[in-house]
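Hi,

Here is the structure I said I would pass on. Have a look at it first, and then read my notes underneath.

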Amino acid sequence: MSKTKFITLGTAGGPTPKPYRMPPAHAITYESGVILVDCGEGAFQQLRRAGFDLKQVRELFITHHHFDHIGSLFACLGLNMMMHRHQPMNIYGPPGTSKILDHLIAACDIPQATGFGVPGQTLPHPRDFIVSHDIQPGDVLEIEDIRISCCENTHYRPEGQFGQEGPISLSYRFDAPDRSMVFTGDTGPCLALEEFAKNADLLVGEIFDTELVINRLRATNPDMSDHALLQMRQHFDEHHLTPEDLGKLATRAGVKKVVAVHIPFITKSTEEDAKYVSRILTNFSGSVTISEDLAAY
């Protein structure tokens, strides 16, 4: 039995609220702590539902800055304030992470806007315990006996543009003594990610269904122009993974098990899960699971 676990706190895909799934957030749990990965809306409520206390979290890793992945960052500051946090909380992410946090920390100085605490009460300020780190593809960190590395993926741009100016989306690898786990984050097909994930025990990867989401956009936004829909379709096709793409990635990387997250559908049925599992298995012969919120692997 592995001591290191990957817990899917929020498995929804995309920014719109889903009835059965929370926005993207996950946790790596090990013998003496919890590492958060992404911080979508409701991440800390989900963390508590999974049986963990926010005070156990000393590190948060952000894959990219789309708001469905960082929606609870301000809550992270405020909750730690009210819980009288004094130990450092390290927040890692691609360039721009520190700037985002600087603005959120500054907002905590506006009493009319925040209303933290009660009159006369003294609380620790986030600038006293938040330590932000902008990291780059290829950076490696050690947290106790877990080696954490990252690579750029194709959620923002094709591989031919890696290294140029512009926003970066990261995938993370967690190599613990008992197992190796790779989290794709949001990405399109990516040769660099295939190499990065080589021989991992667990691949937690996003899936996307362009036709399903485009049809939903048409139904809920009847005034959206054909041009706008075309732009959305191009983004979905180039910057996300179909179930078949995830299967190819898993096979080329030689991983043992696949867990699918960032689920785009809004219904909940075993038949729907089975359909997407079958699509992944067209290109992969290992173990496949469509994850639910609060599942542990």
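Below is what I found, starting with the sheet and moving on to the helices.

One thing to keep in mind as you read: this is a predicted model.

**The sheet**

Let's begin with the strands. There is an open sheet of 7 strands with mixed pairing. If you want to trace it on screen, follow the order β7-β8-β9-β10-β11-β12-β13. Which strands stand at the edges? They are β7 (140-143) and β13 (287-290), and each has a single partner strand, so one side of each is left without a neighbour in the sheet. Going from one strand to the next, the twist averages 20°.

For a closer view of one pairing, go to β9 (residues 170-175) and β10 (residues 180-183). These two strands run antiparallel and are joined by 4 bridges. You can pick out Arg 173, whose bridge partner in β10 is Val 182.

There is also a helix to look at here. Helix α11 (residues 270-281) lies across β12 (257-261) and β13. Its direction is at about 145° to β13, the strand that stands at one of the edges.

**Helices α3 and α4**

Next, a pair of helices. The axes of α3 (residues 73-82) and α4 (residues 97-107) come within 10 Å of each other and cross at roughly 45°. That angle makes α3 oblique to α4, and the crossing is right-handed. From α3, the contact is made by Leu 73, Phe 74 and Leu 77. On the α4 side you will find Ile 100, Leu 101, Leu 104, Ile 105 and Ala 107. How do the residues of this contact divide? There are 8 nonpolar ones, with no polar and no charged residues.

**Helices α8 and α9**

The other pair is α8 (residues 210-220) with α9 (residues 226-239). Their axes come within 10 Å and cross at roughly 155°, which makes α8 roughly antiparallel to α9. Here too, α8 passes α9 in a right-handed crossing. In α8, the residues to highlight are Thr 210, Glu 211, Val 213, Ile 214, Leu 217 and Arg 218. They meet Leu 229, Met 232, Arg 233, Phe 236 and Asp 237 in α9. This contact divides into 6 nonpolar residues, 1 polar and 4 charged. Put side by side, the contact of α3 with α4 has no charged residues, whereas the contact of α8 with α9 has 4.

Cheers

Notes. Residues are numbered from 1 along each chain as its sequence is written. This is a predicted model: local features need pLDDT of at least 70, side-chain atom pairs count only at pLDDT 80 or more; totals for chains, interfaces and linings use all residues. Side-chain values use heavy atoms; hydrogens and water are left out. Axes are lines fitted to C-alpha atoms, for helices over the stretch in contact, and angles run from 0 to 180 degrees between N-to-C directions. Angles under 35 degrees count as roughly parallel, over 145 as roughly antiparallel, 65 to 115 as roughly perpendicular and the rest as oblique. A crossing is left-handed if the near helix is turned anticlockwise from the far one by less than a right angle, and right-handed if clockwise. Contact means heavy atoms within 4.5 Å. Ala, Val, Leu, Ile, Met, Phe, Trp, Tyr, Cys and Pro count as nonpolar, Asp, Glu, Lys and Arg as charged, and the others, Gly among them, as polar. Two strands pair if DSSP finds at least two bridges between them.
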